[in-house]
Amino acid sequence: MKQTRKTSVFCIIAYFFCVGLLHASEREVSFNQGWKFHLGSVANAEQPQYDDSQWRTLDLPHDWSVEPVLYQQEGITIGPFTRLSEKRYPADRQMGGGAWDVGQTMGGEGWYRKTFALSPEDADKRIVLYIEAASAQSEVWVNGQKAYYNVYSYTPYRIDITDYLHKPGTENLIAVKAVNNGHNSRWYIGSGLYRNVWLIKTNKLHLDKWDTYIDASKVNGKKSAEVSFSTFIRNKGRQDGQASEGLLTLRILAPDGTEAYRTQLNTSLGDSTKVEADFTLKKPALWSIDTPQLYTAEVSLSEAGQERDRISLTFGIRSLSFSAEKGFMLNGQPMKLKGGCLHHDNGLLGSAAFARAEERKVELMKANGYNAVRCSHNLASESFYEACDRLGLLVIHETFDQWLSAKRLDDYHQYFSEWCESDLSAGIRRDRNHPCIILWSIGNEIPDRADEAGIEAAHRLINTIHRYDTTRLVTAGVNDFWDRRRYSWEKDSWRAFDYLGVGGYNYMWNKYEADHERYPERIIYGSESFPKELAQNWNLVEKHPYIIGDFVWTAIDYLGEAGLAHALELAPGEHSPQFMDWPWYNAWCGDIDLCGDKKPQSYYRDVVWRVRPITMAVHAPIASGKREDVNGWGWPNELQTWNWPGREGQTMTVNVYSRARKVKLFLNEKLLGEKEVNTENYTATFEVPYEPGVLTAQTVDKQKSTFTLKTSGQPASISLTVDRTHLPASSGEIAFVQVSILDAEGNVVPDAVVPLRLELSGCATLAASGNGGYDDMESFGSFTPKTFRGKAIAVLRSTGEKGNIRLTVSNEELGQADVTVVAE
C-alpha cells in the first residue's frame, strides 16, 4: 500500500539509523556479557556437552591480538608483540608484506561460547543473532548445529536461529569460532568478536530496521522537505499464502521532540509486503556539520488491534550536490572537504569497538579541523557512524581494499567473486540512512580497476548499491599504475574513472589540472595524500571548484603498517625502507597520535586549513655526516618544543607557519628577525642559536597573532585528566585518563620520559595503557608504562557494577596523582 503527498522541491538525502530498543520491550538486547573464551584450536567446542569450565569468562567487544602472548619469552615476546609474527608473515618481496603489516602481533584461532535460555514469553518469537563483526573468518554454531559462516572481517551479519533453539526454559549454546590466520591484511585487523553482539526478538509478523529507508530527496531551502519512507513487513509465520489486513503507523518527531508528522497506513500482511509513504515536512531542521540535527521516526505495526512490532529510528535531513562547476554543496552551500583517512582500530585498545572510543575518534577529528573522514578501507562500526551523525562529520563509506587480485596471499580476493554482493549489501542496507554518509566507495587502489574483469566487477558493485540507494554517488580511491606496469595514467586511467560518479585520486595531485582539461566534467578529490604535500594539495583544492577536497593518510595513528611514516638519519650509502621492523608497531603517519595528542604535522595543518593564524616547530639537529630522509608518509623530525638541553649556543632550525605575508620571531622578548612567508608552503625559516627561555612567533599584520614555545622546568608532578567523571555501570563503558608530566609552573615537560606505576581499585579493569610512541612495546597495556613526549594514557573499563573507580598514577620522584570515576 502506498500513500503519496506531492510537493515540488529539489534533491536531498536523509539519514536514517537505528536506535537499539533496550527498554522494556527488550526487542534488541545486548548479548555482550558472559562469554567463555579459549585461544587455540579445540575439537568439539561447538557441542553443548563440551566442558568449558576452564575457559576464561569475558565481555565483548574483545580483541585477543592486543592481549599479552600467553607464554612470554625474553627476546621473543613483549606483551602482545612477538617475533614469531615474522614467521607467520614472512617478508614477501612480490607483494610487499611482512610482520610490519600487523604490527608484530599474532592472530590464530579463538572460540567463544555462551549459554542462555528463552523466557516463556519468547516461546513463539523469531530470534535473530546479530554479530556486528568478527575477525577474520567466523563460524556460528547453535546447539551443536552449524548455523552460519562469514568470510569478511568487517561484515555485519544476522542469523535467524529460531529453528535451532530449544523450548523456553531449556539452555541453549551459541559457539563462535573466529579464525585470523594467514597473510590476510595489509594492516592490523584484530581478532575475535571485536564489535557488539545482539539478540533480536520479534513476533513472526515483524519489521526489520535494515529494510526501513527514508529518502528525503527534495528540499526547498528551509521551507520544506519532501520525504519518502519505505519498509517491508515480514510475516514468517504465514504458511498458507493468504494475506490478512494490518495497520502501520509512522510518527516523525522533530529534533526538539515535538511531533512533526503522523500517518496510518492500511496494508495487507502477506509473507513480505512493501509499504511506502511520501510526505512533506514544513520548515525542516537541516542536518549539517555545525548543526547535526536529528529527527526520530517511530514505526509500529498492528494486526487486529494488537501491536505486533515497533522500531524507533533517527534520521537527518540534508541535501547533497556534486558538480565540476560548483563543487560539493551541503544544503545548497559550497563546502571543501577537509578530510582524513582512518582505519577501524582504536589504537591501544586494538580493534575493540567500544562506543566511547569510536565517539572519541570523531571528537578528535572535529577538534583538529576535520569535517570529513574516509573509512579506509572497510565498514566502520555502527557506533562510529552514529557518532558522526551526532557530532557532524561527513563520511566516505568504503567497503573493499581488493577485488579479484590479491594484495596479500590470503586476503579477501579469494572470496570476492562469491561474497562481494552480500557483503556490500549488508553495509549499504545497515548504513544507507546515515546523514553523515555522502559517498559510497567501492574500493581502494584496486589492481583490476582498469582491466576488463575489474570493470565488470565495478559495475556489479554499483548495481548492488543502486538496489538499495540511488541518492549518493559512487567513488573509489584510484592510484597510479605502479601495480599494472603495462598501463599508463594518460592512456588508461580513464577506464578506472569512467564508472565513478566522483573520482578519488591517491597521491596524484599533479594530475588534477591536466585531467580536468581532458575530462572537464570529472569531479575530483584527493582520496589519499602525503602529510608533507598538504600545501600542494590544498592550494589546488581552494583554486578549483571541481576539486572538492583532500584526505590525508592518515588523521589518527593506527596499529600495523609499522613505520609507514618515518624520518631517518642516514649515512652515505644507506637507504630508507618502506616499513620499519621490530620493535615498531605503529604506522606513525597520523596527524594525531595513539593517545589523542597533536603531532607536529597537525600544527602545520592548522595553518593551511586556517584553524590557527600561526604555529611553529623546531627541527631536531641532524648528526654530523648524516642526512635526514623523510619517506612519503613521514614528517621531518621537528617538534613543538624549546627544550634542547646540552645544545646551548647550537644553531636550531625554526620553521614558522602562517598565511600572513610576514612573520617575526622573538627569543626572550628580543627580536631575532622578520621574514616573508613563502606563499606556496606558508613557511618562513629561521636559524636560531639555542638559548632556554621563551620563543615567540608573531604575524606582521593588524592581529599580531602569536605562537609561543617555552622551555619547561624539570618534571615536578603528575597530572591526570579524565574524559568523563561519571559513566554508566556497564561493561561496555570506558573512560580515558590522560597522564601528563608537569614542571613546577604547571607546564607539560615535552621531552619527559618518566616511568609510571598504575594502581586501579573499584569496579573497573585496565582496558588499555601506554603512550603515543611508535616502538615502546614495554608500555603497551602495562601497569608500568613510560611517558612519551611527557604524556601517557590509561583506559578504564567498567565491570558493570555500580560504585567508585579510582586510578592512582605514581613515580618514585614525582609522587602520585589520583582520579575518581563514578560508575552509576
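In which loop is the place of tryptophan 588? In this predicted model, tryptophan 588 sits in the loop between E37 and helix H9 (600-608). Its backbone is a bit out of the ordinary: phi is positive, at about 70 degrees, although the residue is not a glycine. For background, most residues other than glycine have a negative phi, and most peptide bonds are trans. Tryptophan 588 is also buried, because its relative accessibility is 12% and the cut-off for buried is under 20%.

Tyrosine 507 makes a good companion case. Here too phi is positive in a residue other than glycine, with a value near 60 degrees. Tyrosine 507 belongs to the loop that runs between strand E34 (503-506) and helix H7 (512-518). With a relative accessibility of 17%, tyrosine 507 counts as buried.

Then there are the cis peptide bonds. One links leucine 60 to proline 61, with omega near 5 degrees; proline 61 falls in the loop between strand E7 (56-58) and strand E8 (77-78). Another joins tryptophan 553 to threonine 554, with omega near 0 degrees. Threonine 554 lies in the loop between strand E36 (547-552) and strand E37 (567-570).

Threonine 82 is worth a stop as well. This residue is part of strand E9 (residues 81-82) and counts as buried, since its relative accessibility is just 1%. A polar atom of the threonine 82 side chain lies 3.0 Å from the backbone nitrogen of leucine 84. Setting aside neighbours within four places in sequence, threonine 82 touches Val69, Ile76, Thr77, Gln104, Met106 and Trp582.

Turning to the helices, H2 (residues 355-367) and H3 (residues 382-391) have axes that come within 8 Å and cross at roughly 40 degrees. That angle is why H2 is described as oblique to H3. The crossing of H2 past H3 is right-handed. On the H2 side, the contact is made by Ala355, Glu358, Glu359, Lys361, Val362, Glu363 and Lys366, while H3 brings in Ser383, Phe384, Ala387, Cys388, Arg390 and Leu391. Sorted by character, the residues of this contact are six nonpolar, six charged and one polar.

Helix H4 (residues 416-431) is mostly covered, with twelve of its 16 residues buried. Among the buried residues of H4 are Phe416, Trp419, Leu424 and Ile428, and charged ones such as Asp423, Arg429, Arg430 and Asp431 are buried too.

Methods. Residues numbered from 1 in each chain as written. Predicted model: local features only at pLDDT ≥ 70, side-chain atom pairs only at ≥ 80, totals over all residues. Heavy atoms only, no water. Helix = DSSP H or I, 4+ residues; strand = E, 2+ residues; numbered from the N terminus. Buried < 20%, exposed > 50% of the residue type's maximum accessible area, 1.4 Å probe, protein only. Polar contact = N/O pair within 3.5 Å; in protein donor to acceptor, adjacent residues only side chain to side chain. Contact = heavy atoms within 4.5 Å. Axes fitted to C-alpha atoms, helices over the stretch in contact; angles between N-to-C directions. Parallel < 35°, antiparallel > 145°, perpendicular 65-115°, else oblique. Left-handed = near helix turned anticlockwise from the far one by under 90°.
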